[in-house]
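Here are a few exercises to work through with the viewer open. Try each task before you read its solution.

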Amino acid sequence: MRLLIDECFPAILAAKLDALGAEVALATDLCPSASDHDLIDLANSTDRIVLTEDVGFGTHVFRDLKRTLGIVVLRGYQARIRFEPEMDRLASTIIELGDRLIGNVTIISPGRIRQRELD
């Protein structure tokens, strides 16, 4: 699994995903302060799924018809993401979803996962 992690997340989340076998790239390293459209373009050019907390990415792919491999939106983790056990659970959930992230916008909230297929 190849992920592009938006700059809203701490690098330790990337480290946890990497330790579980994901190939991660950080937006803070590759394209700091990039627009959402530029981040999607970078993810597309490197065959990565975007991991973000910005629900606006769903708007880009459904309203603006922006093509993407997949988007994962994490909701309700802003305060909780700083706690290591929560990051461990979140990283494990993302890895377990695996290929089901491709071709979908996946919204992961504490206790709930929703998916909407991309056109």
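For counting charges, Lys and Arg are positive and Asp and Glu negative, with His and the chain ends not counted. Each charge is placed at NZ of Lys, CZ of Arg, CG of Asp or CD of Glu.

This is a predicted model, where local features need pLDDT of at least 70, side-chain atom pairs count only at pLDDT 80 or more, and totals for chains, interfaces and linings use all residues. Residues are numbered from 1 along each chain as its sequence is written, and side-chain values use heavy atoms, leaving out hydrogens and water.

**Exercise 1. Find how far apart the mean positions of the positive and negative charges are.**

Step 1: count the charges, which gives 14 positive and 19 negative. Step 2: take the mean position of each set; the two lie 6 Å apart.

**Exercise 2. Work out the order of helices and strands along the sequence.**

Step 1: pick out the DSSP runs (helices are H or I, at least four residues; strands are E, at least two; both numbered from the N terminus). You get 5 helices and 6 strands. Step 2: read them off in order: β-α-β-α-α-β-α-β-α-β-β.
Step 3: check the overall size. The radius of gyration (over C-alpha atoms) is 13 Å, close to the 14 Å that the globule rule gives for 119 residues, so the protein is as compact as a globular protein of that length. That rule is 2.2 Å times the number of residues to the power 0.38.

**Exercise 3. Decide which residues of helix H1 (residues 11-19) are buried, and what covers them.**

Step 1: apply the cut-off for buried, under 20% relative accessible area with a 1.4 Å probe and protein chains only. Leu-13, Ala-14, Lys-16 and Leu-17 pass. Step 2: look down the axis of H1. The buried residues fall within an arc of 160°, so they line one face of the helix; the arc uses directions from the helix axis to the C-beta atoms.
Step 3: list the contacts (heavy atoms within 4.5 Å). The cover includes strands S1 (2-5), S2 (23-26), S3 (49-52) and S4 (71-74), plus helix H5 (84-97). Step 4: move past H1 to Gly-21, where phi is positive, near 110°.

**Exercise 4. Do likewise for helix H3 (residues 36-45).**

Step 1: the buried residues are Leu-39, Ile-40, Ala-43 and Asn-44. Step 2: down the axis of H3 they fall within an arc of 140°, so they line one face of the helix.
Step 3: they pack against S1, S3, helix H2 (27-30) and helix H4 (56-62). Step 4: just after H3, Asp-47 has a positive phi of about 50°.

Notes:
Buried < 20%, exposed > 50% of the residue type's maximum accessible area, 1.4 Å probe, protein only.
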